Amino acid sequence: MAHLVTLIPGDGIGPEVSDATRLVLEATGVRFRWDVQEAGAAVIEREGTPLPDRVLDAIRRSRTALKGPITTPVGTGFRSVNVTLRQELDLFAAIRPSRSLPGAVTHHPPLDLVVIRENTEDLYAGIEFERGSEAAARLRAILRELAGVEVRGDAGVTVKPISVTGTRRIVRFAFDFARRNRRRVITVGHKANIMKFSDGVFLATALEEAAAYPGIDLVPMQVDELAMWLAWEPETMDVLLLPNLYGDIVSDLCAGLVGGLGLAPGANLGWEYALFEPVHGSAPDIAGKGLADPVAMVLSGALMLRHLSELPAAEAVERAVTRVLAEGAHVTRDLGGNASTGEMARAIAAEVRSDPGAGGAIERRTAEA
Ligand code: NAD
């Protein structure tokens, strides 16, 4: 049976890395029914919004989506498509593995880190008061009365809610992930000393839940200290559990530790839906030039294959990426090569096709041919 997957190519380098990923995933022999849905800046003129309902409806039908990056235009009044998708579909857990790969220049010993980021609360909850607005003026008056603080009249305000409910589910998710993947230490990043009532809830809830998971250590660490350790001795880290904003920043940092954004895949998971996308953005500086490294999105596709229980195919894709990187002859500019996005994708797809270990998937393709 073919897997129904909503494919959102995105914009900027999105369509290039999406085409590349489709080629590689199809080389596994796993069958897909791609429901391609456009979203982002390009559809605003036609449909009045960067995220039409049809896109959400499509993901609710397929339950699984593969997405390229989407530009968040500054100052248009539209909310980020990426943030809205995560909230509308309640994709509360972002998983962003950062593993050293051959051929990528790094400054550290081999790393195998995973960032688990809460994806729906915190400063990204979308509770914003625009500088100079009537709502901001009313908020200032309320804060004067409730908190006795005078917020400057020319301030914009973003609110940071962190709940026990929202934290508990991401903490349990992180422990279950650690248990399934035989990981021993979860470092929880926070700033509870300063933000007692938001980060304080995150930390206290994490400590409370940890008691139910003997055998896995929970190490609280202030996020500024965590940043120092990640620069100094990242090899001592294992799973990093973070609220939304810190998770966003730290996962880019971890991508940098293992060779850059072109290599870092991601998954956004909730109880009902799963959306796979690279950590990187739409990279307008290199869009349309064939320079984009397809690996981050290809590896996001491999995470999707695991989610769809296509384990041999996922492993074949991961091995193929490793081989192409190790060989170094068909890699993009960010990795020191001069292959185009398409050339690198074709090299990875060829490795997948010749992988004897792809097991069921490859056999199935041969039988169907
Ligand atoms: P970016 O990740 O797009 O680019 C940062 C740098 O990394 C650039 O120099 C870029 O060329 C490079 N880079 C990124 N991906 C690469 C790849 N696959 N291969 C080679 N080089 C790559 O970050 P940005 O410039 O801050 O953001 C651009 C736009 O993307 C913004 O509108 C932002 O909001 C959006 N964005 C979207 C997502 C998403 O869709 N999930 C995530 C992050 C940023």
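The side chains of Glu209 and Arg172 form a salt bridge with an N to O distance of 2.8 Å, where a salt bridge is defined as a side-chain nitrogen of Lys or Arg within 4 Å of a carboxyl oxygen of Asp or Glu. Glu209 lies in helix α7 (residues 199–210) and Arg172 in helix α6 (residues 164–180), so the pair ties together parts that are 37 residues apart in sequence. Helices (H or I, at least four residues) and strands (E, at least two) are DSSP runs numbered from the N terminus. Glu209 is buried, with a relative accessible area of 9%, whereas Arg172 is partly exposed at 40%. Buried denotes under 20% relative accessible area, exposed over 50%, and partly exposed the range in between, with a 1.4 Å probe and protein chains only.

The structure is a predicted model, in which local features need pLDDT of at least 70 and side-chain atom pairs count only at pLDDT 80 or more, while totals for chains, interfaces and linings use all residues. Residues are numbered from 1 along each chain as its sequence is written, and side-chain values use heavy atoms, with hydrogens and water left out.

A search of the whole structure gives 25 salt bridges. Among them is the pair of Asp248 and Arg96, with an N to O distance of 3.8 Å. This pair links distant parts of the chain, with Asp248 in helix α9 (residues 244–257) and Arg96 in strand β4 (residues 93–99), 152 residues apart. Asp248 is partly exposed at 23% relative accessibility, and Arg96 is buried at 7%. A further salt bridge joins the side chains of Glu318 and Arg306 at 2.6 Å, N to O. Here the link runs from Glu318 in helix α11 (residues 311–327) to Arg306 in helix α10 (residues 295–307), twelve residues apart. Arg306 is partly exposed, with a relative accessible area of 35%. Arg99, Asp112, Arg183 and Asp238 are joined into one network by salt bridges that share partners.

Side chains of opposite charge can pair when their charged atoms come close. Glu121 is buried yet has no salt bridge. The nearest side chain of opposite charge is that of Arg169, 6.4 Å away; Lys and Arg count as positive and Asp and Glu as negative, and His and the chain ends are not counted. Glu121 is located in the loop between β5 (112–118) and β6 (128–129). The side chain of Glu121 makes a polar contact of 2.6 Å with the side chain of Ser163. A polar contact is a pair of N or O atoms within 3.5 Å; within protein, one must be able to donate a hydrogen and the other to accept it, and residues adjacent in sequence count only if both atoms are side-chain atoms. With neighbours within four places in sequence left aside, Glu121 is in contact (heavy atoms within 4.5 Å) with Pro161, Ile162, Ser163, Gly166, Thr167 and Asn244.

The ligand is surrounded by 21 residues, of which the closest are Ile70, Thr72, Gly281, Ala283 and Asp293; a residue is near a molecule or strand if one of its heavy atoms lies within 4 Å of it. Backbone N or O atoms lie close to ligand oxygen atoms at 2.8 Å for Ile70, at 2.9 Å for Thr72 and at 2.7 Å for Gly281. Taken alone, the ligand exposes 810 Å², and the protein buries 68% of that. Accessible areas come from the Shrake-Rupley method with a 1.4 Å probe; for residues, only the protein chains shown count as cover.

Ala283 has a positive phi of about 40° although it is not a glycine. Ala283 lies in the loop between β12 (274–276) and α10. Ser309, also a residue other than glycine, has a positive phi near 65°. Ser309 is in the loop between α10 and α11 and is exposed, with a relative accessible area of 63%.

Ala314 is part of helix α11 and is buried at 0% relative accessibility. Beyond residues up to four places away in sequence, Ala314 touches Ala302, Leu305 and Arg306. The C-alpha atoms of Ala314 and Ser300 are 9.9 Å apart, with the two positions 14 residues apart in sequence numbering. Ala174, in helix α6, is buried with a relative accessible area of 0%. Outside its neighbours within four places in sequence, Ala174 is in contact with Ile116, Ile186 and Leu241.
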